[in-house]
Protein chains: 2
Amino acid sequence: MSNSMFDHKLSSPSLDFQPLYLQVADSIKQLIVKRHWLPGEALPSEFRLAEEFNVSQGTVRKALNLLTDNKIVTRRQGVGTFVSEHTSQDALFRFFPLQADGKSDNSPKAELLSVELCAAPAEAIKALQLNKKDKVTKLVRRRILDNEFCMSETIYLPQSYFPDIHKSSDIPHTLYHYYQSKFNQTVHKTQDSIKAVLATIDDAKMLAIKAGDPLLLVSRITESIEGKRIEYRLSKCRSDHYHYQIELD
Amino acid sequence: MSNSMFDHKLSSPSLDFQPLYLQVADSIKQLIVKRHWLPGEALPSEFRLAEEFNVSQGTVRKALNLLTDNKIVTRRQGVGTFVSEHTSQDALFRFFPLQADGKSDNSPKAELLSVELCAAPAEAIKALQLNKKDKVTKLVRRRILDNEFCMSETIYLPQSYFPDIHKSSDIPHTLYHYYQSKFNQTVHKTQDSIKAVLATIDDAKMLAIKAGDPLLLVSRITESIEGKRIEYRLSKCRSDHYHYQIELD
DNA sequence: TAGTGGTCTAGACCACAGG
DNA sequence: CTGTGGTCTAGACCACTAA
């Protein structure tokens, strides 16, 4: 009850005061980031957590529900509370808004074309808030939906967050799960900026289309659960058979 | 306490049971739809609502917080709970994801080019789930950001939900607020489908660009708070100085 | 100062999953 | 059956706003 490893986070010094449930939520989040509980693992029950933090069960509940809204944990009645995991099947479409025009539940595939450690180009420096001399690993991929090339992707990963990823020989096509399981970088949110551009000759070769065809250019900045910018990604998407789909409310 | 106008909604017959707070939330939502409280008006306090519905204050609180998440009401500590309103300033950007590339907080303007009652075209019939012979009002607008034409819009509104809107002489450029205040149709969510296309000669004239320039084509289906499809909208957007911006989490 | 929503607690009971 | 999360209650106190 006393001297628990959870205690030190709470009881702030009355300045910049935060409600208890926010302090609890933040403590739990930090423990997850620090890998006290791993992705997929169960947290202690509400009752147990309430003891550890010396708060009521209701306060823990409010904290856990907040983390559920943020998709940091998932809860199942009668079972428990679990650290969210980017499993291949589960979250494949969460950050993949490109849909085939006709209905098609096929999963997108990815074909890795090159991996290279290099100096960060200017736009990656800006997007990822790097220093001029920082290095990045550059991945080039081609993605396939319904047996057709649908987009090309150029992905920049800061060396500091993904050390030696360029030496890996086993980079899978479910990247976000790979980031989480191998580099402890859990993708939490993305900011996508969409433009329309004309296909260059290189684009045309890559996607088996004609130069001058219209393409969607999606620039993505990816943030981790800790709020760090961990990925900058440029995707060029055919939009003749596909569309970028989004719901606003 | 008994025989209140709120009572009849609750106490379901144990089949298809819903938790109390969901029943309360739904009842409040229905009362808002039925204009028992108008947009911008204050609801009774939690304590009063708890009396009316014969539930505890905590249950009402949970219902109101749910409606807050759904942006159906807004709450201000020390003041009260209010029916959300599409005021010009407040929600102007909520459903307007097109941003100028450089930072610019200018509000978009709209120039209404034509209003016409006509037979619904096939794609509007499909998008709005209309019958073949239903009529729609078709609006054509041109939108302006930073003193430049940025997009053209073609908007289809079902006659049944917007009777005689084509006869109005005072259609403002803040359409969603107009829908709410004049036709009791509150926009609740939109589904946007984005493609890249080449500007036609007409597009080029409309936006003062060249034919063949790449444009974003955004097809939007708009749903009201009651879940009815109330608007189908095709927007063609320049993307040389602008981009469609979206956050996923 | 009065009234509102926001936080926190304690405890009861229910619904669900799994051994 | 046990333990989990889900609902509901009752009441105390705090923080904010406006008259």
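**Helix packing, domains, and chain and DNA contacts**

In chain A, helix α1 (residues 20-33) packs against helix α3 (residues 57-69) at an angle of about 55 degrees, and the two axes sit 8 Å apart. An angle of about 55 degrees falls outside the parallel, antiparallel and perpendicular ranges, so α1(A) counts as oblique to α3(A). The handedness of this crossing is right-handed. As everything here comes from a predicted model, the geometry is that of the prediction.

Who touches whom in this pair? On the α1(A) side the residues are Leu20(A), Tyr21(A), Val24(A), Ala25(A), Ile28(A) and Lys29(A), and on the α3(A) side they meet Thr59(A), Val60(A), Lys62(A), Ala63(A), Leu66(A) and Leu67(A). Sorted by class, the contact of α1(A) with α3(A) holds nine nonpolar residues, one polar and two charged.

Over in chain B, α1(B) and α3(B) pack at an angle of about 55 degrees, again with axes 8 Å apart. That makes α1(B) oblique to α3(B), and the way α1(B) passes α3(B) is a right-handed crossing. From α1(B), the contact draws on Leu20(B), Tyr21(B), Val24(B), Ala25(B), Ile28(B) and Lys29(B), while α3(B) brings in Thr59(B), Val60(B), Lys62(B), Ala63(B), Leu66(B) and Leu67(B). The class breakdown for α1(B) with α3(B) is nine nonpolar, one polar and two charged.

These helices turn up again at the DNA. Around DNA strand C there are 18 residues, of which Leu20(A), Gly58(A), Thr59(A), Gly78(A) and Gly78(B) come nearest. Chain A puts in two or more residues from each of α1 and α3, and chain B does so from α2 (46-53) and β2 (80-83). In the surface near DNA strand C, six residues are nonpolar, 10 are polar and two are charged.

Next comes the other strand. DNA strand D is surrounded by 18 residues, the closest being Gly78(A), Leu20(B), Gly58(B), Thr59(B) and Gly78(B). Here the elements giving two or more residues are α2 (46-53) and β2 (80-83) from chain A, plus α1 (20-33) and α3 (57-69) from chain B. The surface near DNA strand D splits into six nonpolar, 10 polar and two charged residues. Leu20(A) and Thr59(A) thus appear both in the α1(A)–α3(A) contact and among the residues nearest DNA strand C. In chain B, Leu20(B) and Thr59(B) belong to the contact of α1(B) with α3(B) and are listed among the closest to DNA strand D.

Zooming out, chain A is divided into domain 1 (7-83) and domain 2 (98-244). Taken over C-alpha atoms, the centres of these two domains of chain A are 33 Å apart. Contact between them involves four residues of domain 1 and four residues of domain 2. On the domain 1 side, three of the touching residues are nonpolar, none is polar and one is charged.

Finally, there is the contact between the chains. Chain A and chain B each put 24 residues into it. On the chain A side, at least two residues apiece come from β7 (187-198), β8 (214-224) and β10 (242-248). Which element gives the most to that side? The answer is β7(A), with 11 residues. The class tally for the side of chain A that touches chain B is 11 nonpolar, seven polar and six charged.

Key
Residues numbered from 1 in each chain as written. Chains lettered and ligands numbered in written order. Predicted model: local features only at pLDDT ≥ 70, side-chain atom pairs only at ≥ 80, totals over all residues. Near = placed C-beta within 6 Å. Helix = DSSP H or I, 4+ residues; strand = E, 2+ residues; numbered from the N terminus. Nonpolar A, V, L, I, M, F, W, Y, C, P; charged D, E, K, R; others polar. Axes fitted to C-alpha atoms, helices over the stretch in contact; angles between N-to-C directions. Parallel < 35°, antiparallel > 145°, perpendicular 65-115°, else oblique. Left-handed = near helix turned anticlockwise from the far one by under 90°. Contact = placed C-beta atoms within 7 Å. Domains from an automatic or database assignment.
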